[in-house]
Amino acid sequence: MEPITHNPYRILGVYGGAGITTITGNLSRMRAYLNVGKNCDMPTDAAKLLPAVPRTLAFIEEAFAKINLPVDKVRHALFWFADGSPLDVAALENLQVGNVEKALDIWEKRDTFSTLLNRAIVAFISKRHKIAIQYQLTLIHTTEYRQKFLTHIAGEGYRITEKELSQLLVDTLWTCVRPEDILSVSKETPDYQVTYEYIREKLCRKYVDEIEHALAKSIAVKRTQGKQRYQAGVTLMHDTRTSLNALHKLLGKSDVKYQMIADKLAIEILQCGIDYYNDSSDTDSIDKSLVLQKYAMRTAVGKQTKDRCQYNGDILLKNKMAKEVEQEIQFIDDQIEAYKDKSASMTSVGQFVKICHPYLQRLEEIAGSGHTIVIDYSGAVANIAIRMIIDAINKM
């Protein structure tokens, strides 16, 4: 975790809150060692827990520059050990020799700004991120701990609000832990509302940016390139599903921001299907387009967008049905043509009805008994049969 392993305080061989005299003294020592080609290990390196510090002249000078300003001292101090009390001194001595459990036992005897911070650093190192974040949030959102921490790190005169400190913490955490972990921990306690609102807004921006980026790639595909548009729609569904679900969980469907991005996404996916269908001669073009249409319909929130999805879906379903019953219709048309002028007899009537009946049934299964196409063709067959029966009777 880079904010810890490459922390300026660690590189300079000090704990958070060290005075300028200690820091410059360490710098002089390091320069002397490095100038003769020797590495300079420091007791504060936490060498039993972390990788070795890759000290170079450029690296130590850069580290020193990173903690020139009070705000930068505070930012980096949130991710390194502090010796703010005799408890810390004893615990850190154990930590230097790798006795982590003993150090934790000491720190857990009492909650102070430094014991909370030090427990957080150990938790981060052992990849227990949520526990570490919990300690940090307790530190910055408890007035007493926060004020003592700021005084220890930046001096009595330094002022920073709870909200500003929270943002410093979150902006660094954002680079090294799952943002969702910050969100879940900050959501648990009302006292952490400042952090929760900030990380929530950052996550919203992240998810919206991911969706917008995917949309831009899809929109860039020319609408005249049917097959490419279909693939763009499929890719858009896949690439935005996680971000959209996360945004929905975060904001809910009633949120205007969610509605806008969801409808924008739905319209583009729907349009990909339309462009593909209009340009395609594939036998399965309707089914493929319906996959995109149905997903767009599920994604859409606004009434206008939903109506547009429904309208295009109805057209596709109508065309799908027409294509599915094409064979049945052609067969019935052929029989009507063959029998309409045929010599009437009761036998020929029975043959005509028997031949047409299974095809009429198939029409009904596909389109539904109340569909006009079923009614029209059933009526046509019935009319031919009635005419033939009347003719046959008249010949008797």
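A crossing of two helices is called left-handed if the near helix is turned anticlockwise from the far one by less than a right angle, and right-handed if clockwise. With that in hand, here are the close-ups; please keep in mind that the model is predicted.

**View 1. Helix α14 passes helix α16 in a left-handed crossing.** Here you can follow α14, residues 226–251, alongside α16, residues 285–299. Their axes come within 11 Å and cross at roughly 30 degrees. Angles under 35 degrees count as roughly parallel, and α14 and α16 are therefore roughly parallel to each other. On the α14 side, the contact is made by Tyr-230, Gly-233, Val-234, Met-237, Arg-241 and Leu-244. Helix α16 answers with Lys-288, Val-291, Leu-292, Tyr-295 and Thr-299. Sorted by class, the residues of this contact are seven nonpolar, two polar and two charged.

**View 2. Tyr-230 of α14 forms an aromatic pair with Tyr-276 of α15.** You have just met Tyr-230 in the contact of α14 with α16; now look at its ring. A search of the whole structure finds seven aromatic pairs, and one of them joins Tyr-230 to Tyr-276. A pair of aromatic rings is described by the distance of the centres and the angle of the planes. For Tyr-230 and Tyr-276, the values are 4.9 Å centre to centre and 40 degrees between the planes, a tilted arrangement. The pair links distant parts of the chain, 46 residues apart, with Tyr-276 sitting in helix α15 (residues 256–279). Both tyrosines, Tyr-230 and Tyr-276, are buried.

**View 3. Phe-331 and Tyr-359 form a stacked pair.** The ring centres of Phe-331 and Tyr-359 are 3.9 Å apart and the planes lie at 20 degrees, so this pair is stacked. Phe-331 belongs to helix α18 (residues 326–339) and Tyr-359 to helix α19 (residues 346–367), so the pair ties together parts that are 28 residues apart in sequence. Phe-331 is partly exposed, at 23% relative accessible area. Tyr-359 also counts as partly exposed, at 27%.

**View 4. Arg-119 is a buried arginine in helix α8.** The relative accessibility of Arg-119 is 6%. Leaving aside neighbours within four places in sequence, Arg-119 is in contact with Leu-104, Trp-107, Glu-108, Arg-110, Asp-111 and Tyr-135. One of these partners, Trp-107, is also part of an aromatic cluster with Trp-80 and Phe-81.

**View 5. Ala-46 and Lys-127 each have a positive phi although neither is a glycine.** For Ala-46, phi is about 55 degrees, and the residue is found in the loop between α3 (20–35) and α4 (57–66). Lys-127 has a phi of about 65 degrees and lies in the loop between α8 (113–125) and α9 (129–141). Their surroundings contrast: Ala-46 is buried, with a relative accessible area of 5%, whereas Lys-127 is exposed, at 70%.

**View 6. Helices α5 and α10 make a right-handed crossing.** Helix α5 (residues 70–77) packs on helix α10 (residues 143–154) at an angle of about 120 degrees, with the axes 9 Å apart. From α5, look for Pro-70, Lys-73, Val-74 and Ala-77. Opposite them in α10 are Phe-149, Leu-150, Ile-153 and Ala-154. The contact of α5 with α10 has seven nonpolar residues, no polar ones and one charged.

Definitions and conventions: Residues are numbered from 1 along each chain as its sequence is written. This is a predicted model: local features need pLDDT of at least 70, side-chain atom pairs count only at pLDDT 80 or more; totals for chains, interfaces and linings use all residues. Side-chain values use heavy atoms; hydrogens and water are left out. Axes are lines fitted to C-alpha atoms, for helices over the stretch in contact, and angles run from 0 to 180 degrees between N-to-C directions. Helices (H or I, at least four residues) and strands (E, at least two) are DSSP runs, numbered from the N terminus. Angles under 35 degrees count as roughly parallel, over 145 as roughly antiparallel, 65 to 115 as roughly perpendicular and the rest as oblique. Contact means heavy atoms within 4.5 Å. Ala, Val, Leu, Ile, Met, Phe, Trp, Tyr, Cys and Pro count as nonpolar, Asp, Glu, Lys and Arg as charged, and the others, Gly among them, as polar. Rings of Phe, Tyr and Trp (its six-membered ring) pair if their centres lie within 6.5 Å; planes under 30 degrees apart count as stacked, over 60 as edge-to-face and the rest as tilted. Buried means under 20% relative accessible area, exposed over 50%, partly exposed in between (1.4 Å probe, protein chains only).
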